[in-house]
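Got the viewer open? Keep the selection box handy, and we'll walk through this one stop at a time.

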Amino acid sequence: MSDHARIELDDQAYEGRMIEGSEGERAVDISSLRNETGAVTYDPGYANTGSVQSSITYIDGDNGILRHRGYAIEDLAKHSDFVETSYLLIYGELPTQAQVTNFRESITKHTLLREDMRPFFDAFPPEAHPMAILSAGTLALSTFYQNHYDPSNPDDVEISTYRLMAKLPTVAAFAYKRSIGQPYIYPRNDLKFAANFLHMMFAVPSEPYEIDPDLARALTELLILHADHEQNCSTSAVRLIGSSQVNLFAAVSGGINALWGPLHGGANQQVVEMLAGIQEAEGDTKEFIRRAKDKDDPFRLMGFGHRVYKNYDPRARIIKDTADRVISKLAGNDPLFEIAQELEETVLSDDYFIERKLYPNVDFYSGLIYRAMNLPLNMYPVLFALGRLPGWIAQWREMSQDPDRRIGRPRQIYTGPTARNYVPIENR
Ligand code: CMC
């Protein structure tokens with residue numbers, strides 16, 4: 001195979017070096033294309049653009065494969081826990097017992113929020129979307145640690161990593177407690193990550209709260225399944241923001257905002273709203289499928305389709321089984337789960353979806369688990385954000401160590417008016 005690609009532009013030729021990834025993915029290096037030819041590439045949505053070389057996550061979308069640092073997502077979901085998977089993403093290897101213990105302790109030491117931050121939550125209206133509070137809270141946190149957030153100082157990066165991993169669940173749980181008018185519940189450092197989060201969410205000071213180990217395991221699995229997904233919208237946002245050398249808190253806060261959108265992490269909320277709509281329509285999925293196929297209707301079947309997967313999303317397969325288990329245990333059954341399965345079956349045999357290779361994605365069944373846990377709809381994307389946090393941190397850290405890094409600054413093809421004379425206001 002050739003190690004160069006040739007791009008011909010009128011009478012000019014550009015020779016681009018070929019780059020090959022460890023799984024055989026090939027890319028043309030066009031980094032000097034503009035200097036040499038004056039032309040740029042045009043790639044809306046960056047669907048054909050590799051923005052980085054990364055060793056964190058590998059996806060083979062045609063075959064439904066997802067691996068972190070070489071380890072299959074199925075194995076991590078089954079055998080690992082969230083803190084261990086976070087370590088793997090951030091530091092590149094599965095930890096030894098001593099390393100994971102040290103990492104866990106470094107995180108748990110930081111789970112409390114500074115007391116000065118409590119009034120911050122009271123300033124929001126009770127109906128405030130918790131994604132807004134999480135993003136604002138992440139940025140607010142940075143103001144307490146301004147002496148320790150220099151992105152070029154390894155010690156600052158390390159402690160910022162612990163603080164974010166430790167404090168974001170507390171911010172998320174406080175946002176939830178604020179929305180339902182209950183007292184804030186402080187973290188318990190004797191509990192593991194998911195169990196502590198359940199405690200802060202569901203305990204009340206007036207009675208004991210017993211953590212259901214099956215629920216804690218299901219949440220751990222969900223967090224692992226969301227932990228990273230290479231250069232998706234929010235991760236690319238974190239890298240782009242971080243490329244300006246702003247601190248990690250600010251970059252993660254921006255990532256949360258990107259994740260919030262209904263085409264990304266907000267989809268899990270929208271899926272359950274859509275399934276409830278189908279239930280209201282007495283289970284008639286046909287009208288929803290018809291609308292999703294209608295080019296004049298902006299409606300899409302939420303939880304279906306993916307930029308990279310042209311096959312069943314491996315995360316969705318695992319989450320479907322977990323949903324089955326959690327719903328049977330907590331609710332007996334859920335008519336929305338039945339509707340979801342029926343919808344999936346119909347969609348997977350419909351030519352429109354077959355031709356476009358649209359399969360259920362990670363968001364299709366996850367919301368039904370949160371629903372069985374009695375979480376309000378607007379908390380679903382927050383759970384996605386907590387899961388994605390180690391991925392954002394790992395990608396930001398990789399970006400800040402990358403010898404090829406430059407501030408992210410795409411070009412454009414200007415299509416506005418050409419030069420014209422200023423017209424004084426009285427003459428317009
Ligand atoms: N329902 C109906 N049609 C769809 C859907 C859908 N959910 N998704 C894609 N299509 C069609 C789309 O209309 C287009 O058809 P045509 O070729 O005739 O114009 C074709 O499939 C390709 O779609 P696209 O919009 O070019 O694909 P994309 O890679 O730009 O978008 C997506 C990917 C995930 C934004 C999109 O599939 C979508 O909007 N899905 C619903 C929202 C959703 O579930 N988002 C969660 C994504 S997974 C987790 C995450 O990243 O957060």
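The tour visits two small sheets, a loop and the ligand site.

Before you click: this is a predicted model, in which local features need pLDDT of at least 70, side-chain atom pairs count only at pLDDT 80 or more, and totals for chains, interfaces and linings use all residues. Residues are numbered from 1 along each chain as its sequence is written, and side-chain values use heavy atoms, with hydrogens and water left out.

**Stop 1: the β1-β2-β3 sheet.** Select residues 4-9 for β1, 12-20 for β2 and 26-28 for β3. Strands here are DSSP runs of E, at least two residues long, and helices are runs of H or I of at least four, numbered from the N terminus. You're looking at an open sheet of 3 strands in the order β1-β2-β3, with antiparallel pairing. β1 and β3 are the edge strands, each with a single partner, so one side of each has no neighbour in the sheet. From one strand to the next the twist averages 30° (axes are lines fitted to C-alpha atoms, with angles from 0 to 180 degrees between N-to-C directions). Two strands count as paired if DSSP finds at least two bridges between them; β2 and β3 have 3. For one of the residue pairs, pick I19 and its bridge partner A27 in β3.

**Stop 2: D29.** Step into the loop between β3 and α1 (33-37) and select D29. Is D29 buried or exposed? At 15% relative accessibility it counts as buried (buried is under 20% relative accessible area, exposed over 50%, partly exposed in between, with a 1.4 Å probe and protein chains only). Now show the side chain of S31: the D29 side chain makes a polar contact with it at 2.6 Å. A polar contact is a pair of N or O atoms within 3.5 Å; within protein, one must be able to donate a hydrogen and the other to accept it, and residues adjacent in sequence count only if both atoms are side-chain atoms.

**Stop 3: the β4-β5-β6 sheet.** Select 57-60 for β4, 65-68 for β5 and 71-72 for β6. This is another open, antiparallel arrangement, in the order β4-β5-β6. β4 and β5 pair over 4 bridges, and 2 bridges join β5 to β6. Both connections are hairpins: 4 residues separate β4 from β5, with G64 in the turn at a positive phi of about 65°, while 2 residues separate β5 from β6, with R69 in the turn at about 50°.

Center on R67: Y58 stands opposite it, and so does A72 in β6. Y58 itself is buried, at 17% relative accessibility. Next, show the β5 side chains: L66 and H68 point to one face and are buried, whereas I65 and R67 point to the other and are not.

**Stop 4: the ligand.** Select everything near it, that is, residues with a heavy atom within 4 Å. You should get 22 residues, the closest being H264, R300, L301, G303 and R307. For polar pairs, look at a ligand oxygen 2.8 Å from a polar backbone atom of G303, a ligand nitrogen 2.9 Å from a backbone N or O atom of F304, and a ligand oxygen 2.9 Å from a polar side-chain atom of N361. Alone, the ligand exposes 940 Å², and the protein buries 76% of that (Shrake-Rupley areas, 1.4 Å probe).
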